[in-house]
Amino acid sequence: MQTRNLINNQWIDADSGATIDVLDPATDERIAVIPSCGAAETRRAIEAAAAALPEWRSWTAEERAVPLRRLAQLMVEHRERLARLMTSEQGKPLSEARGEIDYARSFIAWAAEEGKRVCGETIPASTRDKRILVLRQPVGVAAAITPWNFPSAMITRKMGPALACGCTMVIKPSELTPLSAFALGELAIEAGIPAGVVNIVTGDAPAIGAELCANPTVRKLSFTGSTAVGRILMRQGAENLTRLSLELGGHAPFLVFDDADVEAALSGAMASKFRNTGQTCICANRFYVQDGIYDEFVAGLEAQLGSLRVGRGVDEGVQVGPLINDAAMDKVESQVADARDKGGRVRAGGARVAVAGCANRFYAPTLLEGFTRDMTIATQETFGPVAPVQRFTHESQAIEAANDSEFGLAAYFYSRDASRLMRVAEALEYGVVGANDGAPSTAQAPFGGVKHSGFGREGGRYVMHEYLETKYVSWGL
Ligand code: SIN
């Protein structure tokens, strides 16, 4: 297991000798000690990326695709080791960690091919003596700041396209889950990605973030995390006019109409709500269910969440793991307490679950009926396994409630009426809409939000624009 930071293919310690303990969130057991790097190491990583840039950007897309494909293949070969490492530092059930490695690999594999389709353009000029050319060129050194909830996939979602476009990178993974990042760094070296193309620094997050935003060599920053941190990065990058992609918080509504296929809606709800123990930016955060189907849907949800197995992610069959830390538990508990105080009814769950030999950080899958707009759960992201449910009568009410949020990342709805499917999909003010789909994330589609969920798109051909400059050449004959 690699535990040090990566600069120019050298594994390094922090200049100060400072370290951070990496803990298993299920048990609080210390699983690694990593260097706590800061601004100075980040500057060196940026310099390494800048030095590697001219050579890497001169490779053809086909040439860059070779080590990227090799990296994707190595992720297949090391799948089980990577998944176990992820579960040990992040807590998610092993089956989900395996799924995340596949998901993470798909971003590298997709980008390796998509890089070959980065095309320029010629535009007919208005005079005979000129030609107009449009070139697409890599932005340069790109930075990525990634979260703990998807320790591999949120890195490869940025790294695949950045590298395929010819950028070099400095990656700052969460200090809570750095080991998956270091493991990817090791595989990138083994895959033949040249020194300095991928650098990884973590530790003092504010110092590293400030350097990545303000250093003029960094031309692009892609961040996945909270809206609060996104705002800080945007302010810090203002002086440098750093190009940003921000994938920030969400508060996904999940609408179930009377004409829905109830079984499909239930399986979509379970997939969306309880993935990663409710700790995803696109988790369903509030359910609106139409009167005619309400009793059947809520009874079904109660039965299904009651059958979920809570426990340590490493134990086979576990479907709900620990929350990442005590602050996460405090947030979940305070939202449920606030909902109870304001008249919400806990129909299932609503308390911690004791797991033998583990930390007190497991929360029961919870069904909360009768949530109202004044409850914090109605407006704040939960990041935990709590499903608040509310009735509605008319389609317009459901759309209005769904859009009544500062966030606009993902929304879901279930219906079998073709007209309604198009109408509601168009009316929802969200970047990603699951129409009869509780799991819309995939490498080939554009992923990202509107409003306070950020801007920029990741995935498919859309993400390539984030790492490319458009250059216009006016060619006089
Ligand atoms: C996230 O939670 O930020 C990402 C979720 C996904 O990629 O599906």
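Let's start with a charge over a ring: in this predicted model, Arg 391 lies over the face of Tyr 294, at 4.0 Å from the ring centre. There is another case to look up while you're at it. Arg 461 has its charged end over the ring of Tyr 462, and here the distance to the ring centre is 5.1 Å.

From there, let's move on to rings that meet other rings. How many aromatic pairs does a search of the whole structure find? The search turns up 11. One of them joins Trp 56 and Trp 59, whose ring centres are 4.9 Å apart; the planes stand at 50 degrees, so this pair counts as tilted. What about exposure for these two? Trp 56 is buried, at 0% relative accessibility, while Trp 59 comes out as partly exposed, at 22%.

Now look at Phe 257 and Phe 413. Their ring centres lie 6.4 Å apart and their planes make an angle of 85 degrees, so we call the pair edge-to-face. This pair links distant parts of the chain, as its two members are 156 residues apart. Phe 257 is in the loop between strand E12 (252–256) and H9, whereas Phe 413 belongs to strand E18 (residues 410–414). Are these two rings buried or exposed? Phe 257 is buried, with a relative accessible area of 0%, and Phe 413 is buried too, at 0% relative accessibility.

Ring pairs can also join up into a group. Phe 254, Phe 287, Phe 297, Tyr 412 and Tyr 414 are linked this way into a cluster.

Next, find Thr 277. Where does it sit? Thr 277 is in the loop between helix H9 (262–274) and strand E13 (284–290). Despite the loop setting, Thr 277 is buried, with a relative accessible area of just 2%. And which residues does Thr 277 touch, once its neighbours within four places in sequence are set aside? Its contacts are Val 320, Gly 321, Pro 322 and Leu 323, along with Gly 384 and Pro 385.

Last stop, the cysteines. The structure holds 0 disulfides. Take Cys 37: the nearest cysteine sulfur is that of Cys 213, 18 Å away, and Cys 37 is in no disulfide because a disulfide needs two sulfurs within 2.5 Å. Cys 37 is also buried, with a relative accessible area of 1%. For Cys 167, the nearest cysteine sulfur belongs to Cys 165, at 6.0 Å, and Cys 167 is in no disulfide either. Cys 167 is buried as well, at 0% relative accessibility.

Key
Residues numbered from 1 in each chain as written. Predicted model: local features only at pLDDT ≥ 70, side-chain atom pairs only at ≥ 80, totals over all residues. Heavy atoms only, no water. Buried < 20%, exposed > 50% of the residue type's maximum accessible area, 1.4 Å probe, protein only. Helix = DSSP H or I, 4+ residues; strand = E, 2+ residues; numbered from the N terminus. Contact = heavy atoms within 4.5 Å. Phe/Tyr/Trp six-rings, centres within 6.5 Å; stacked < 30°, edge-to-face > 60°. Lys NZ or Arg CZ within 6 Å of the ring centre and 35° of its normal.
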